[in-house]
Amino acid sequence: MNYPKTFISAGKEYADIEHFVPAPFFRKKFTAEKTESAEIIIGAAGFYRLFLNGKDITKGFLAPYISNPDDIVYYDRYDVSSLINEGENIISVLLGNGLQNNPGGAIWNFDAAPWRGAPRFALRLDMTDSDGNIAAIESDESFKVCDSPILFDDYRCGEYYDARLEIPNLHTADFDDSDLKNAVKTSAPRGEKRLCTADPVRIYGELKPVSVTRCENGWLYDFGENNTGICRLSVNAKAGQKIILRYGEWLKDGSLSLDNIRFPKQNDVQKDFVQKSEYICKDGKQTHTPSFIYNGFRYVLAEGITEEQATEDLLTYLKMSSLSECAGEFTCSDEVINKIQEAAVRSDISNFNYFPTDCPQREKNGWTADASLSAEQMLLNLYPEKCYKEWMRSIYKALSDKGQLPGIVPTAGWGYEWGNGPAWDNVIINLPYFTYIYRGDKEILEELSVPLMRYLNYLFSRLGEDGIMKIGLGDWCPPGVGESNFKTPLAVTDTILTYDIAVKSAFVYEVLGQEPQRQFALALAERVKVAFREKLLNKETGEIKGGTQTGQAMAIYYGMLTDEEKPKALKLLIKYIADEDGHFYTGVLGGRVIYRVLAENGYIDLAYNMIVRPDYPSYGNWVKRGATTLWESFQPEDGRVLSLNHHFWGDISAWFYTYLAGIKINPTGRDVTNVDIAPLFPEKLNSVSTHYDTPNGRIFVVWERTDENSVVLKITAAEKLHGKILLPAGFAFEDGTHKTELKSGEYKLNCVDRLANIKVN
């Protein structure tokens, strides 16, 4: 790759929230002969927009990527063969701060990042004529630069724009730029140069407001659903009118509240900048779309507009994400389940700008546990694999010298001393592992091999003398309490998940044919399993230390028990659910597995009822209260309001695919063309319709009750797929069998024993 060598900037000065520095605009005029082909390579520390002869050719928003530039500096490549004019041309670049200068990230020390400085870019344009001669233009001090109308931008805060400062024809070659200052050569970012392969951030849909309401401070725009994006402003105004837009997701007493997305540590100035943009109008009709920000919101409070301007056409919601194309679709006869599924997918999409974030409105951080918990359901619903592979490279770079991972990636150094541990760190194995299982991508495992061994060595070094692990965060966000007030002992969750990391690592090294590494991982797995069974398991009663739903469910799901111990542990899990009046009481770690354990062990009706019941705490209660995305925590109606757009409870969507539709992709881990169909039939559910697009074609599953004793199952499987159709206990095919080879067709199923446990054979 012929990367450009010289980075340029407008100068050394950079913005803070109390000291604005306008986003710089760079331009370079050049003359071209007739070209056969032309290519631009551009890299940036910060965000950029790229224009050629006035045409915006940027791949999407927030280009090139969001990364720690001390680890990786990203570049994009553009084929511009059809855009070069014979004669005069103009190439121009608008720079935003991005992570290069992120004072809005002060809570996580991004304001003190060692790389912090003015945004900068490097660019190379190669033009090839018919004889193969190459003419090149590189970024240097000959580029002209001026202030843009963007007075301030911070993607965790907002954008301030003064339309009166727009310079007509600035993008054109005939604009006289002789009075503009020259760009300055600056230091290059220290990170590894990489061409960005992640899916770009793009606009995938628009929303008009469902209501516009007068309120004390302005006009409240309600767009009907929570998403991520920006607003396009269209207004007829006089010069100097200032319009302030505040973005949020929660109404308190009918008014927009930002309390749930502010932090107590922030001072009053910092709090005022949270998801706030300002626009100063020029004369006449005008339209403006921000360049370098995104917000998570359902509501917008528009201040400074007149009643005449407060129409539904003033603001248009532009929904943004790197992912919008669906890999699967699940619907059923229960509208509560359908709404939960819609909320899960919406949370996935709106929390994916290049990589999975925890929430789009408050933190915008790549929290490792959130991504790990959601790995399966994102792969079932969307196509995150390209983005996963790119983000994993940042995760590997974030490993400390001793193999420790931070809780957020990218980071400026925050998250190594708090916010991590095995339950968070297991992103290092879960994203590559599940990507391999669902997509058959071996390359992602090959890139994992070396950094994974560094991390396994770190885990070995952190075991207690008794072989127990307890070093990080635990069963986060149980219902009704603060995030970290979990009941399950940290030793239980950390030790179980250390075992799971080690087992999956052994599988990875087996796939790669790396036997010494596999044996190392197996030794770690054996050591922690023996310790768990000695210190944290009552073998007589099946109780896991702490006596919680999470401990029981995780021990069963992750294979910590013998076949003889498992029924006793399961019996206690059912008791603990009954003690909560049939509700779940887990944090996110237990929440990912509890419904899986119930479904796999004959309690599909209990699991189903726990999910859809309308009273707190449940997913059904979220739906009853109007949720359009998944929330961060299950709280009573008068409880604390946290983020209302989190995806880390979203494994429930994978549960719908895997158990209600019964689609089990690559169940042995050895063959991505292997798909088993093993649906379960909750008593209160009448039908399911689901498809999933595997790398080898679509699998389509529909089932419907025809009466209380009969179900019709329809399957359409792509030719390359093979597997089995497995029926739960109590159901049989017309010939009395419970198993058959996977083939497209219609199958009549009979309920032969309505009292039988509904178990997967």
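Here is a friendly chat about salt bridges and a sheet in this predicted model.

Me: Why is the contact of Arg-77 and Glu-39 called a salt bridge?

Reply: The nitrogen and oxygen of this pair are 3.3 Å apart. The cut-off is within 4 Å, for a side-chain nitrogen of Lys or Arg and a carboxyl oxygen of Asp or Glu, so the pair of Arg-77 and Glu-39 counts as a salt bridge.

Me: What makes this pair a link between distant parts of the chain?

Reply: Look at the two strands. Arg-77 is in strand β6 (residues 72-79), while Glu-39 is in strand β3 (residues 37-45), and the two residues are 38 residues apart.

Me: How do you know whether Arg-77 is buried, partly exposed or exposed?

Reply: Its relative accessibility is 44%. Buried needs under 20% and exposed needs over 50%, so Arg-77 is partly exposed. Glu-39, at 29%, falls between those limits too, and therefore counts as partly exposed.

Me: What makes Arg-232 and Glu-206 a salt bridge?

Reply: Their N to O distance is 3.2 Å. With the limit set at within 4 Å, the pair of Arg-232 and Glu-206 therefore qualifies.

Me: Why can we say that this pair ties parts of the chain together?

Reply: Arg-232 belongs to strand β18 (residues 218-237) and Glu-206 to strand β16 (residues 202-207), so the pair ties together parts that are 26 residues apart in sequence.

Me: Why is Glu-206 called partly exposed rather than exposed?

Reply: Exposed means over 50%, and Glu-206 has 49% relative accessibility, so it is partly exposed.

Me: How do you know that Arg-670 and Glu-510 form a salt bridge?

Reply: The closest N and O atoms of Arg-670 and Glu-510 are 2.8 Å apart, and the limit is within 4 Å. Arg-670 sits in the loop between β31 (663-665) and β32 (675-677), whereas Glu-510 is in helix α9 (residues 490-511), 160 residues apart.

Me: How many salt bridges does the rule give?

Reply: The count comes to 43 salt bridges.

Me: Now for the sheet. Why are β5 and β13 said to stand at the edges?

Reply: The open sheet of six strands has the order β5-β4-β7-β2-β10-β13, with antiparallel pairing. β5 (55-56) and β13 (181-182) each have a single partner strand, so one side of each has no neighbour in the sheet.

Me: What makes β2 and β7 a pair?

Reply: Pairing takes at least two bridges, and eight join strand β2 (residues 24-32) to strand β7 (residues 87-96), so these antiparallel strands count as a pair. Phe-30 stands opposite Asn-89 in β7.

Technical notes
Residues are numbered from 1 along each chain as its sequence is written. This is a predicted model: local features need pLDDT of at least 70, side-chain atom pairs count only at pLDDT 80 or more; totals for chains, interfaces and linings use all residues. Side-chain values use heavy atoms; hydrogens and water are left out. Helices (H or I, at least four residues) and strands (E, at least two) are DSSP runs, numbered from the N terminus. Buried means under 20% relative accessible area, exposed over 50%, partly exposed in between (1.4 Å probe, protein chains only).
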